[in-house]
Structure formats: structure tokens, C-alpha cells
Amino acid sequence: MTPCIKVQGEANFDGLVGPTHNYAGLSYGNVASQHNAHEHSNPKQAAKQGLQKMQSLRDLGLVQGVLAPQERPDMLTLRRLGFSGNDTQVLEKAYRESPALLAACCSASSMWTANAATVSPSADTQDGRVHFTPANLTNKFHRSIEHEVTGRILSRVFADDQYFCHHPALPANDAFGDEGAANHTRLCADYGKPGLELFVYGRSAFDSSLPAPTRYPARQTLEASRAVARLHGLADHSSIFIAQNPTVIDQGVFHNDVIAVGNQNVLFYHQAAFLDTQTTLHNIRQKMPSTTLHFIEVSEAQVPLADAINSYLFNTQIVTLKPGHMALIAPTECAENARVKAYLDTLPDLNTPIKEVHFIDVKQSMRNGGGPACLRLRVALNEAELAATNPACLMNEALFTRLNRWVDLHYRDRLSVNDLRDPTLLHESRTALDELTQILQLGTVYPFQR
Ligand SMILES: NCCC[C@H](NC(=O)CCC(=O)O)C(=O)O
């Protein structure tokens, strides 16, 4: 099919899966990560599934971008933690002393770009620029080492400070735990018009009277969400802070995007998603009096919470194909779950803007708890902003072919956590990333290049 590229006002930037993609069980509270710990991974297949997903969205006529992965193994961090000698010795010592620490420094977790940053479109911000704050991801060590390079990559993709404003990550402390766009969504009548940014938090750092989960960690604090909204210059009428239901966090909903997703005038969520659903919906309506909103609530009777979590029904992308006509992009796991599939079969007939459902295979990512929505960072851009975006990072036929060839050349098709100390893997990874920065015209972004 010949893709017809129309600017819809929103671009999706997917994270390219890095060459060290593996299953190390690093994310306590993320049931898929825990469940698949120490399975073999297939980095080549993972990267190709990601590329195919990007291509499929492009085929639907959407603007699709690519974000480069991190340098892994993270030798700089290993050295900061006291491992010394040449690279081979550093890897060997880290492996002998703490395989888990080495695995953390090798995670390809930056593929989940919904956690790369929070992005506020120019229509919402005080200075009329697009604002970016990389997420500090303090709750998980392996993710807390991403934000510096993430910030650098974002500033190379969105370089023009006439249009784009980049903030550093929030202070690296649990009080300001920030997971980026995975806990942020935006409702609006049109991407280019002022919207309402929904910040969902799991606990408060300074107000212990607010409810919090007891089993699994709440990664996002209210204080972090408020800080990001302040930095981005969001007015009170452009932002709303919503408490996530702590009991769902305790059942494995480690980010709000596992249980709710929004696009334009649609909010699609499970009945258990928020602490106080009625008040939440009422407050949203109050702040968007002139927009016809569609709240699509899925009840426990329609889809039990456990099925929603296992299938990632809400970690779907809702994309606008033409005005008032949206598609839901779901992982194939949703088609394999009878109850979820039965619900999705009815969805296009519910008289909402969602008219189509598409299934895509991102199983390599799903096994670590990352569905279609985790893999993408949404950036609403007007035409001038899109024109100011690094064109080498925008997906087209040539880039798709080139990146597939690049993956074929550099990636392994089988990796276990025991392979992570192999100095050849480090060499392969650096060779691949060095070439990638040229393909994507990023300049030097990785510590090994500087
Ligand atoms: N938005 C989806 C994020 C998934 C990610 N998983 C991981 O990091 C698992 C890595 C591992 O266990 O090897 C996380 O939990 O932050």
C-alpha cells in the first residue's frame, strides 16, 4: 500500500530497541518483567518488531519518528561504581561481584520512550514553545541512568530553540520520582488547539494522608507532576492532577498507561484506573466546557483487571486517521485473550470516535512489560515545528530499509543475561550505535563518542 502522508498534528517517536535487549527481571512491580526474568531474548527480532510497528503507523498516514537507544553496557556508570581496569576487566569484575548490577547497566529499557520525557505542545505552554522534561526514572536503578543521554538525544532531534525548550530531569530523589509521558496524557479538540494535560500520580511525597500502594512502588509522585507542569508553563486551566488507584498499582499497574489512554476528545480507561473516577471525570469536564468528550469506560464485568493487565488492553495507541475517526493500535496479546477480543470486537460499534482496531506484534517488548503505547513518545507539532524537527529521525521508506539492514548487520538473535559480560557484545553495540548516530544525524551523543 502506498502511504499517504498527511500531517495530523501529532508525531509518534518510537524507541529503537538496543542491541543488548534482555530479560533481567529488573522491574519490581512490573509483572511481565518479573515473570520472564532470565528467559533468552532475541534483540534482532525485538528491533525488527519495533521497526515494523513504526512502518505500520506510517502506512496509516501518521508522522512517525525514531529515537536512538542508549549506550549499553553503560561503562561510565560501572566505572562510577568502582569497577576498574580495561573494559573487559570492568565487565568481568561487575559480573563476578553482582550480575544483577551488570544486567542493570546493560538494559535496553530506553526503548520505552513513553518514559523518555513529558512533552507539552506549544498550544498549552506560556511561551508558545514545545517543552520537554526527560523523566528521572528514580524508582528503578537501571532506568535512572537514562535521562542524561535521553535529554541529549531529544535536543538533537528537536534542536531549534525558537520552537523547542529542553529542561533537565527533576532532582533525582524518590520525592520527585517522574516516569514521563507514561503518566501523562492530553485531551484536546484539535492537536493545535489548547488542551488539558492529565498528570496521573501514584502517591504524594510530602502529604502522607493521601493514599498510596502498599505492595508495589508508586513510581510517580504528585510533587514531580506539579514540578513538570510548572516548568512547562502550564496554566491551571491547562493541567489537572489525578490520583491513580493505589490498589491497581498493587496488582501490577506500574504506570497509568497500563490502565488508561487518551487521544484528543477520547479517554479510554478501566473502571478501576483512578482513585475517584466520578470526581476525575467531573473535573475534566469542568476544564473543557466546549469540547464534546467521549469517556469510554471498561467495566470489571466486561474485562476483569487481570485480563486488562495481561493483555495490555489500555497500553494501546489511539491515533486519529481523519477528523473524528480514530484507530486503536493493540498488541496481538489482546486478540489472544477471549474476553478482551470480545470487547474489542464491539468497540468500533459503540458510537465513539474509535472506528478501527489494529493488532501488532511487539512480543519481545511485551515480555518486559512494554506494549505499543510504552514504545512511543507523542509529540504534537504544528507544521513549522515539524519542519524544524531533525528530518533524519523521521521514518520513511528509505530509513525503514536502512535501519532493517543495520539491525541485520549488528544485532544478535539470541541473548541471555550471562552473555552481557562478553566484551564482544560491547564492541558490537558501540559499532552499531556509532553508525546509527550517523544515520540519524545526531552528532556525538554517547559517552564513548565524546
Ligand atoms: N513503559 C514500560 C516500561 C517497562 C520497563 N521494563 C523494564 O525495565 C524491564 C527490564 C528487565 O526486567 O529486563 C519498566 O518497568 O520500566
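## Strand pairing and annotated sites in a predicted model

Thr185 stands opposite Leu198, a residue of strand 7. This pair belongs to a predicted model, and the strands around it are described before the annotated positions.

Strand 6 and strand 7 (residues 196-201) are joined in the antiparallel sense over 4 bridges. They are part of an open sheet of 3 strands, ordered 6-7-8, with mixed pairing. Strand 6 (184-187) and strand 8 (239-243) are the edge strands, each pairing on one side only. From one strand to the next, the twist averages 25°. Helix 10 (residues 277-287) lies across strand 6, strand 7 and strand 8, and its direction is at about 180° to that of strand 8.

Further strand pairs occur elsewhere in the chain. In general, the strands of a sheet pair through backbone hydrogen bonds, either parallel or antiparallel. The table sets out the strand pairs for which a bridge count is available.

| Strand pair | Sense | Bridges |
|---|---|---|
| Strand 1 and strand 2 | parallel | 5 bridges |
| Strand 3 and strand 4 | antiparallel | 4 bridges |
| Strand 6 and strand 7 | antiparallel | 4 bridges |

Between strand 1 (residues 10-15) and strand 2, one of the bridges links Asp14 to Val66 in strand 2. In strand 2 (residues 63-67), 5 of the 5 residues are buried, so this strand is largely enclosed by the rest of the structure. Its two faces are both covered: Val63, Gly65 and Leu67 are buried on one side, as are Gln64 and Val66 on the other.

Strand 3 (residues 117-120) is likewise covered on both faces, with Ala117 and Val119 buried on one side and Thr118 and Ser120 buried on the other. Its partner is strand 4 (residues 130-134), where Phe132 is the bridge partner of Val119.

The "active site" annotation of an unreviewed UniProt entry covers Glu179, His255 and Cys374. These residues span 196 residues in sequence, yet no two of their C-alpha atoms are more than 11.1 Å apart, so they gather at one spot.

Glu179 is located in the loop between strand 5 (164-166) and strand 6. With 31 other C-beta atoms within 10 Å, Glu179 is buried. Apart from neighbours within four places in sequence, the contacts of Glu179 are Asn115, Ala135, Leu137, Arg219, Gln220 and His255.

His255 is located in the loop between helix 9 (246-249) and strand 9 (260-263). This residue is also buried, having 28 other C-beta atoms within 10 Å. With the same exclusion of sequence neighbours, His255 is in contact with Glu179, Ala182 and Asn183. Glu179 and His255, both covered by the annotation, are thus in contact with each other.

The third annotated residue, Cys374, also appears in the surroundings of the ligand. Of the 21 residues around the ligand, Cys374 comes nearest together with Ala24, Leu26, Ser27 and Ser33. By character, the shell around the ligand comprises 8 nonpolar, 11 polar and 2 charged residues.

Gln244 lies in the loop that joins strand 8 to helix 9. Gln244 is buried, with 26 other C-beta atoms within 10 Å. Not counting residues up to four places away in sequence, Gln244 touches Val200, Tyr201, Gly202, Ile249, Asn256, Phe274 and Leu275. The C-alpha atom of Gln244 is separated by 38 Å from that of Ala94, which is 150 residues away along the chain.

Terms used
Residues are numbered from 1 along each chain as its sequence is written. This is a predicted model: local features need pLDDT of at least 70, side-chain atom pairs count only at pLDDT 80 or more; totals for chains, interfaces and linings use all residues. A residue is buried if 20 or more other C-beta atoms lie within 10 Å of its own, exposed if 12 or fewer, and partly exposed in between; C-beta atoms are placed from the backbone. Two strands pair if DSSP finds at least two bridges between them. Axes are lines fitted to C-alpha atoms, for helices over the stretch in contact, and angles run from 0 to 180 degrees between N-to-C directions. Two residues are in contact if their C-beta atoms, placed from the backbone, lie within 7 Å. UniProt positions are given in the numbering used here, feature names are shortened, and annotations may be inferred rather than shown by experiment. A residue is near a molecule or strand if its C-beta atom, placed from the backbone, lies within 6 Å of it. Ala, Val, Leu, Ile, Met, Phe, Trp, Tyr, Cys and Pro count as nonpolar, Asp, Glu, Lys and Arg as charged, and the others, Gly among them, as polar.
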